[in-house]
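Biologist: I would like a close look at a single part of this model, with its surroundings explained step by step. Please keep it plain enough for a first-year student.

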Amino acid sequence: MEWQTYELFWRGYFTDPLNVASVAPDSKWCVDALLRHSGVETADVILEFGSASGTVTRQILARKKPSAILVCVEMNRSFVDWLTRAITHEHCRISHQDVFDSDVGLRNLGIADHNVDCIISTLPCTNIPFDRLIRDRVLPYLKPDGVFVQYMHVLSYLRGMFPRPILEPHFQRVHSEFVGLNVPPAVVYTSGGATRER
């Protein structure tokens, strides 16, 4: 099973490097950093942007309440096919689409805007309009006291990507954590207390 996951990443990275920005799934240390302050244990509605092979997804499912709903948004067809076969949890929905599409699958579940407790994103933020992600796909869904978690490979700093100045105008709290034991090393940003105008 593990070698098949790596094969998925290798094939995805070399055929679509803009959307699959890693050659390996996240390490357990990176996953722990992503979820440590996310609040998934008490959340009722959780969104995951960029589920890939489900490394983070499976840990969210292991930690969340049995009744909590998890919606996974993934645009890569190979990853979606893998997730559909590998994850059969009754409260987990796999949404095959670009996160910037008009709806990420919440309306079909009867979930209104500003009702998501936690959003976990492993999208390659140097390859997407990150400010638009926050403005159009995080703040409209997130509860005022919800949590947004975004990780970024440290190599992205060399490309001029600095998430904190984009996050701070929209959140009261922005915490960052370096994860060296990952390929490549990453920084996890956890933001809470949305300051958007309602």
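The part in question is strand 1, and the reply below follows it outward to its neighbours. Where does strand 1 sit in the sheet order, and are its faces covered or open?

Modeller: This is a predicted model, and what follows describes that model. The sheet is open and has 7 strands, in the order 3-2-1-4-5-7-6, with mixed pairing. Strand 1 therefore stands between strand 2 and strand 4 in that order. The edges are strand 3 (92-96) and strand 6 (171-179), each of which pairs on one side only. Neighbouring strands of the sheet are turned by 15° against each other on average, with direction ignored.

Take the two partners of strand 1 in turn. With strand 2, the pairing is parallel and runs over 5 bridges; Phe49 has Val73 as its bridge partner there. With strand 4 (residues 116-121), the pairing is also parallel, over 4 bridges, and Leu47 has Ile119 as its bridge partner.

Now the faces. In a regular strand, side chains alternate between the two faces of the sheet. In strand 1, Val45, Leu47 and Phe49 are on one side, while Ile46 and Glu48 are on the other, and all are buried. Both faces of the strand are thus covered. Because 5 of the 5 residues of strand 1 are buried, the strand is largely enclosed by the rest of the structure.

What lies over the sheet? Helix 5 (residues 130-138) lies across strand 1, strand 4, strand 5 (142-153) and strand 6, and runs at about 150° to strand 5. Helix 3 also belongs in this picture: its buried residues pack against strand 1, strand 2, strand 3 and strand 4, as well as helix 2 (28-36). Those buried residues are Val56, Thr57, Ile60 and Leu61. Seen down the axis of helix 3, they fall within an arc of 135°, so they line one face of the helix.

Helix 2 and helix 3 also meet each other. Their axes come within 10 Å and cross at roughly 50°, which makes helix 2 oblique to helix 3. The crossing is right-handed. On the helix 2 side the contact involves Val31, Asp32, Leu34 and Leu35, and on the helix 3 side Thr55, Val56, Gln59, Ile60 and Arg63.

That leaves the loops at the two ends of strand 1. Leading in from helix 2 is a loop that holds Gly39. Gly39 is partly exposed because its relative accessible area is 26%, and buried would require under 20%. The C-alpha atoms of Gly39 and Val147 are 7.3 Å apart, although the two residues are separated by 108 residues along the chain.

Leading out of strand 1 (45-49) is the loop to helix 3 (55-63), where Gly54 is placed. Gly54 counts as buried because its relative accessibility is 0%. Its C-alpha atom is 8.5 Å from that of Trp82, which lies 28 residues away along the chain. A further helix, helix 4 (residues 77-86), packs on the sheet and touches strand 2 (69-74) and strand 3, with its direction at about 160° to that of strand 3.

To return to the request: strand 1 has strand 2 and strand 4 beside it in the sheet order, and both of its faces are covered.

Terms used. Residues numbered from 1 in each chain as written. Predicted model: local features only at pLDDT ≥ 70, side-chain atom pairs only at ≥ 80, totals over all residues. Heavy atoms only, no water. Buried < 20%, exposed > 50% of the residue type's maximum accessible area, 1.4 Å probe, protein only. Pairing = 2+ DSSP bridges. Axes fitted to C-alpha atoms, helices over the stretch in contact; angles between N-to-C directions. Contact = heavy atoms within 4.5 Å. Arc of directions from axis to C-beta. Parallel < 35°, antiparallel > 145°, perpendicular 65-115°, else oblique. Left-handed = near helix turned anticlockwise from the far one by under 90°.
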